[in-house]
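Trainee: I should like a close look at a single part of this protein. Please choose one strand and explain what surrounds it, then follow the connections outward from there.

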Amino acid sequence: MGGGITGLAATLYLTQQGIDFILIEKHKNTSIYPRARTIDVRTMELFRGLGLHEDLREGGKLLAPAWGIIRGNNLMEALRNPVGKITPRQLMEAQKELKSFAGESPETVCRCTQDISEAILHNTAKEQGADLRLGHQMLLFRQHENEVELLVENRVTGEQYKITADYMIAADGANSTVRKQLDIPVSGNGSWTDLLNIYFEADLELLVKGREFSQFLIDTPEITGFLLTINNKDKWAFHLRFYPENGETPADYPDEKLIAILRHILGIQDLKISILKVLPWQLTVIIASQMRINRIFLAGDAAHTMTPYAGKGANAGIQDVQNLAWKLAAVLKQGAGDTLLDTYHAERQQVGAYYARLSGELADKNGLINQVLMVTKAKDLMGLPDYGYKSTAVKRETNLPFTYFIGEPGTRIPHLWLNESHTSSSLDWVRGQFVLVANRSEGWQDECDKLKQQLSIHIQLIIVNDKNILKKWKKLTHTMHHEALLIRPDDFVAAKLTPGNLQEVMRSILSK
Ligand SMILES: Cc1cc2nc3c(=O)[nH]c(=O)nc-3n(C[C@H](O)[C@H](O)[C@H](O)COP(=O)(O)OP(=O)(O)OC[C@H]3O[C@@H](n4cnc5c(N)ncnc54)[C@H](O)[C@@H]3O)c2cc1C
């Protein structure tokens with residue numbers, strides 16, 4: 001339930017797993033607000049798995065040159081004399097950090113605004129024939145022992161109807177009614193800054209060409225806020241701090257007043273400006289202590305609301321549902337035990353909580369981004385998963401800290417280019433299914449066949465035949481000739497195996 005970026009991503013992963021579902025979204029269309037602009041490396045890997053990575057890069061190509069933060073009393077002045085722009089040295093250091101994982105992924109960070117990414121996800125789901133009910137609002141829900149029951153209203157016809165389902169994913173955003181009604185305890189900073197998201201049109205193309213920036217910060221006695229580049233041409237979003245604690249409401253900011261403010265912050269008094277939309281929102285950190293309550297799973301902002309400064313809200317939501325979809329499929333179609341579903345909370349809650357807290361630390365006392373801290377956190381923010389999963393869905397022999405990108409159980413499968421043209425990666429083996437990557441052929445096919453016969457579980461067997469690739473793969477993964485890596489459908493390594501124990505390990509991972 002909820003058709004924002006998290007709910008839409010869920011539809012694609014459920015379809016990939018062959019699970020029937022209905023998406024309920026109260027708005028008639030996907031959101032026009034640009035909001036998230038950065039898709040991190042890991043999420044790009046996920047979109048690569050769905051074959052959408054190139055569409056997203058294409059969708060974001062106008063935004064792509066916009067990097068760096070500038071500040072000043074108005075934009076004209078800041079562009080002329082970019083005080084506060086991240087210095088070349090800071091950038092170099094950040095890039096050095098980034099380079100340290102450049103060889104570890106087939107993907108790179110992508111810039112694409114959320115209005116475009118949501119439309120791409122929505123259109124793909126529609127083409128796949130998904131049951132997407134936009135303009136339908138969930139009014140009530142009830143959870144029973146064997147099902148979840150929803151009362152839904154078609155907001156166009158006014159018709160009300162019931163839906164029953166085995167499970168519900170609640171991706172209903174920061175103000176999640178599901179989270180509130182289930183009375184799930186939360187932690188975090190609550191809300192400490194109110195902002196008006198002013199989405200507007202103004203032709204600034206010539207002004208910014210060759211001097212592109214990502215954010216312009218303004219913090220004067222009269223105005224505090226930040227301007228975000230949307231397409232480097234005519235679309236911009238200014239987030240203006242306003243003060244409900246002093247009795248202010250959005251109604252105190254009619255369009256004429258906003259246009260005067262925008263002309264002031266841009267430093268161009270006669271600029272033609274059209275206000276497209278205005279949305280009040282709050283800089284806030286809310287972390288739900290539980291992501292699973294029996295048959296209901298919280299995902300995305302509903303589970304972990306963050307400030308935009310870590311650039312992780314949408315990324316974390318997409319990664320949540322990719323983690324959940326294969327587990328639901330395993331329970332519904334492969335007879336996996338209910339305990340497997342507990343691993344969703346065990347694996348994802350700490351990740352969401354980490355990014356939410358980090359996003360809070362990245363906000364300064366006036367509610368603007370803390371640039372210095374941002375540079376030091378570059379690697380975390382651009383994001384490969386330097387987190388590992390410890391749960392019953394991973395067979396880990398040690399309690400030592402994780403070593404990433406070498407195939408350790410609980411970490412994402414290591415990336416290795418499989419061809420000279422660098423178009424095919426070891427990550428491409430996975431695509432939403434269990435995969436066994438073996439260093440030699442003998443024995444493994446029989447084990448996979450037995451698993452199919454006895455547990456009705458299909459595993460895609462990859463035997464690394466190419467001598468050069470095998471040499472690199474064994475070195476990278478520290479595996480011996482007789483060993484194999486079992487990879488989960490979400491790209492994470494489930495276990496390192498020796499011949500003879502595939503069935504037992506699979507039973508344990510699936511709680512079967
Ligand atoms: C200025 C800004 C910049 C940002 N930048 C980034 C960034 O660079 N990178 C990043 O990863 N994140 C960023 N974020 C955060 C990102 O936008 C959010 O984390 C993301 O939108 C959360 O998606 P969601 O689907 O979980 O929730 P939402 O987008 O809030 O979607 C929830 C949906 O549920 C629907 N809904 C709610 N209740 C019901 C109901 N009863 N019935 C039916 N439908 C219902 C709502 O209509 C809504 O469509 C930014 C946010 C802002 C504001």
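Mentor: Let us begin with a residue pair: Ala484 has Leu497, in strand E21, as its bridge partner. The model is a predicted one, and the strand I have chosen is E20, which spans residues 484–487.

Strand E21 comprises residues 493–497 and runs antiparallel to E20, the two being joined by four bridges. Together E20 and E21 make a hairpin, with five residues between the strands. Within that turn, Asp491 has a positive phi of about 80°.

E20 has a further partner in strand E18, residues 435–438. This pairing is also antiparallel and extends over four bridges. Here Val435 is matched with Ile487 of E20. E20 thus pairs with E18 and with E21.

Next, consider the two faces of E20. Ala484 and Leu486 point to one side, Leu485 and Ile487 to the other, and all four are buried. Both faces of the strand are therefore covered, buried meaning under 20% relative accessible area.

Leu486 leads us into the interior. The largest nonpolar core has 81 residues, and Leu486 is among the members that touch the most others, together with Met168, Val178, Leu436, Ile459 and Leu510. The element that gives the most to this core is helix H10, with 10 residues. A second core, separate from the first, holds 31 residues, including Ala78, Ile198, Leu207 and Ile223.

Helix H10 (313–334) also connects this account to the ligand, since H10 supplies at least two residues of the ligand's shell, as do helix H1 (5–16), strand E1 (22–25) and strand E6 (136–143). The shell consists of 30 residues, the closest being Thr6, Glu25, Gln114, Asp301 and Ala314. By class, 15 residues of the shell are polar, eight are nonpolar and seven are charged.

Several polar atoms of the protein can be placed against the ligand. A polar backbone atom of Ile5 lies 3.2 Å from a ligand oxygen, and the side chain of Arg35 brings an N or O atom to 3.1 Å from an oxygen of the ligand. For Gly311, a backbone N or O atom is 3.1 Å from a ligand nitrogen. On its own the ligand has 1,000 Å² of accessible area, of which the protein covers 89%.

How values were computed: Residues numbered from 1 in each chain as written. Predicted model: local features only at pLDDT ≥ 70, side-chain atom pairs only at ≥ 80, totals over all residues. Heavy atoms only, no water. Buried < 20%, exposed > 50% of the residue type's maximum accessible area, 1.4 Å probe, protein only. Pairing = 2+ DSSP bridges. Near = heavy atom within 4 Å. Polar contact = N/O pair within 3.5 Å; in protein donor to acceptor, adjacent residues only side chain to side chain. Areas by Shrake-Rupley, 256 points an atom, 1.4 Å probe, with all protein chains shown as cover. Nonpolar A, V, L, I, M, F, W, Y, C, P; charged D, E, K, R; others polar. Core = buried A, V, L, I, M, F, W, Y, C linked by side-chain atoms within 4.5 Å.
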